[in-house]
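I opened the model to look up its DNA contacts and then its salt bridges. My entries follow.

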2 protein chains.
Amino acid sequence: MKTEGRRSETGVVTLLTWLSKALNRRTSEELLGMRLKAYLALGYVREHPGTTQHELESAMLMDANGVVIILNELEALGYSIRRRDPNDRRRHIVELTESGKRALEGADKARESIEDDVLATLTPDERETFRSLIQRVLDGLMQAVPEPRL
Amino acid sequence: MKTEGRRSETGVVTLLTWLSKALNRRTSEELLGMRLKAYLALGYVREHPGTTQHELESAMLMDANGVVIILNELEALGYSIRRRDPNDRRRHIVELTESGKRALEGADKARESIEDDVLATLTPDERETFRSLIQRVLDGLMQAVPEPRL
DNA sequence: TATTGTTATACTCTATAACTATA
DNA sequence: TATAGTTATAGAGTATAACAATA
């Protein structure tokens, strides 16, 4: 990627695109024990108990179809279950199984190890700064326009 | 995406994956005047004159096939040309056309405008910090293992 | 024989629309 | 009629391997 020799101002969009691609290459399915998407979805469900599929759609920036595919996959693995919302029987509430919680914790460890590797050039302080900056950018984006073009 | 209500330590891998996805949604083809991939490739060629396709492969984290597809696209638009390397006639050297340079400059402006929008929540100082942190992480990654798993 | 680039092919992902059930 | 979820299908994107030209 040879970014060191770059003239001066490679855009943040460009840099982030590359970084994300490099991250995806390292975050392999073997390490996580599941696909990255499944890990992200499972993590979201853990932080937001009682989530519906509709909420997952907007939260994960996926379409309804994609959510179904991921949940089918997670259920096949025994990591999550869908049950009907008694208050509105059109809705499905997504919940983690015990097995799913354990798998998620294992994947968390793998992710932390990947991050230690990826962020090796940063000091602990810089890592925290980096994390909080990304978080703030994300919060700003989500607050501004939840669904840019859909 | 609702990251504000999150427990505490959503991983950097997770945050970056979301951010990249949100960025892709905003960086539309109409705004850039070309696809994001084409823009990235064109930008790389500008910063690295005399690049071969093989170099583009590793630089852009693409396979040989993908490079061919992008270059076909760029040539069809009249933005770049391939010519044989006289020193090693197996190689193709990629160069920008005048039209390609102009298109790239236009895309740069669009990208800057997107970035202003995306990084709106950060102060100018924070933006520069953010940029340099990403840059350092990338440099570290590329230096450590140019091709993680290929 | 190894390397560079191309082509062909298959696989995955994403997006769209049609369908079912509930409201 | 509108919404939540599912299914089916088509298009784009990505990866694999076979191939041609050159070293």
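**DNA strand C**

I looked first at a base: a polar side-chain atom of Asn65(B) lies 3.0 Å from a base nitrogen of DNA strand C, a polar contact (a pair of N or O atoms within 3.5 Å; within protein, one must be able to donate a hydrogen and the other to accept it, and residues adjacent in sequence count only if both atoms are side-chain atoms). The model is predicted: local features need pLDDT of at least 70, side-chain atom pairs count only at pLDDT 80 or more, and totals for chains, interfaces and linings use all residues. Residues are numbered from 1 along each chain as its sequence is written, chains are lettered from A and ligands numbered from 1 in the order written, and side-chain values use heavy atoms, without hydrogens and water.

I then checked the phosphates. A polar side-chain atom of Arg35(A) is 2.7 Å from a phosphate oxygen of the strand. For His92(B), a backbone N or O atom lies 2.7 Å from a phosphate oxygen.

**Salt bridges**

I took a salt bridge as a side-chain nitrogen of Lys or Arg within 4 Å of a carboxyl oxygen of Asp or Glu. I found 28 over all chains. One of them pairs Arg26(B) with Asp117(B), closest N and O atoms 3.0 Å apart. I noted Arg26(B) as buried at 11% relative accessible area and Asp117(B) as partly exposed at 44% (buried is under 20%, exposed over 50%, partly exposed in between; 1.4 Å probe, protein chains only). Arg35(B) bridges to Glu73(B) at 2.7 Å between the closest N and O atoms.
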